[in-house]
Amino acid sequence: MTRLAEQDICYIVERLERYDKILRDKTGGGLMDIAAFAVDAAAADLRAAKAKQKIGIVPVTAGQGIIGGFSDTVRGILAFLGAQVFVTKATDVAGLAEATANGATAVFIADDQTCSLIDLRTGQVADNSLSTGKGFAAALAMQAGSLQGKSVGLLGAGPVGYGAAQALTARGAHVYVYDCQAEPLRKFSSMDGVAVVDSAAAALAQSDYYFEATTASATIQVNDFCATTLVAAPGVPLGVTAEAMKCYGSRVISDTLEIGVATMLAVLLKGKQTT
Ligand code: 2YH
């Protein structure tokens, strides 16, 4: 799993408006529409729930510590989506206490492995990796029109890939998954609609669309694209080469935090019964 670095996120908030427009051009919907679609809701139906939630973001010093700008970037994304949100001054346990003292109904906390948005009233946890997989699968489905009967080559069998496989198969796609490690692939082998293949080339060769969820670069090259290829690429760093982005960037959806955080919000707003 890639730990985000300051340079991965420093530009996000100032470019949110522009990114939202890019997503609308590619998928027909903005960030909140994609996130709502990921949880099978309409953005309008989640609007009322926003007023009932106040999210406290608590910086966490455990492990490799605080990432400069991380909490403020998450706050910027959630505020852009219309959520009531604040960052605590204190970190860790004191930060949690500060969040609840200031009326938080949910807390956003992240360490080096896990990033969660927790509803303090229901106990529901929206996990960033699973939400990222779901959110990008929704974006791909919106861009494609439908995934029913389509094949998707999935590179990367980590938690983002797992969330993606669940969401892609739920939307009627056949998934061909590859990972360079055998262990994470185990839990994919029993999934309906998923075939584990033995190379990245095999995953891509038999697929209409690609889902890039690895931590490697240059996994998808210019010659992997045909006239109808679409790519969802949440992997950090971006797996699609610069040359391929130059030629086919309009058919690639990629970001480091936005769709994942938006989908976490949509999970929170839709509520416990739906996750
Ligand atoms: O970037 C990360 C991890 N890769 C987890 C991502 C899960 N999909 N975590 C962020 C750490 C933030 C830090 N502790 C802070 O600033 O609070």
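Two exercises follow on a predicted model: one on the ligand site, one on a pocket.

**Exercise 1. Characterise the ligand's surroundings: which residues come nearest, what polar contacts does the ligand's nitrogen chemistry give, and how much of the ligand is covered?**

Step 1. List the shell. It holds 17 residues around the ligand, and T2, V60, A110, D111 and N128 come nearest.

Step 2. Sort the shell by type. Nine residues are nonpolar, five are polar and three are charged.

Step 3. Check N and O pairs against the 3.5 Å cut-off for a polar contact. A polar backbone atom of V60 is 2.9 Å from a ligand nitrogen. For A110, a backbone N or O atom lies 2.8 Å from a nitrogen of the ligand. D111 also places a polar backbone atom 2.8 Å from a ligand nitrogen.

Step 4. Take the coverage. On its own the ligand has 460 Å² of accessible area, and the protein covers 95% of it.

**Exercise 2. Describe the second largest pocket: what is its volume, what lines it, and where does it lie relative to domain 1 and domain 2?**

Step 1. Start with volume. The second largest pocket contains about 460 Å³ of space.

Step 2. Find the centre. The lining has 21 residues; Y11, Y19, S254, D255 and E258 are the closest to the pocket's centre.

Step 3. Classify the lining. It divides into 12 nonpolar, three polar and six charged residues.

Step 4. Assign secondary structure. α2 (16-27) and β11 (252-253) each supply at least two lining residues. The largest share, five residues, comes from α2.

Step 5. Place the pocket. Domain 1 (6-128 + 258-270) and domain 2 (130-253) both contribute lining residues, so the second largest pocket lies between them.

Notes: Residues numbered from 1 in each chain as written. Predicted model: local features only at pLDDT ≥ 70, side-chain atom pairs only at ≥ 80, totals over all residues. Heavy atoms only, no water. Near = heavy atom within 4 Å. Polar contact = N/O pair within 3.5 Å; in protein donor to acceptor, adjacent residues only side chain to side chain. Areas by Shrake-Rupley, 256 points an atom, 1.4 Å probe, with all protein chains shown as cover. Nonpolar A, V, L, I, M, F, W, Y, C, P; charged D, E, K, R; others polar. 1 Å grid on protein atoms, 1.4 Å probe; cavity = no way out; pocket = protein on both sides within 12 Å on 5 of 7 lines; lining within 4 Å. Points joined across faces, edges and corners; volume = space filled by probe spheres on them. Helix = DSSP H or I, 4+ residues; strand = E, 2+ residues; numbered from the N terminus. Domains from an automatic or database assignment.
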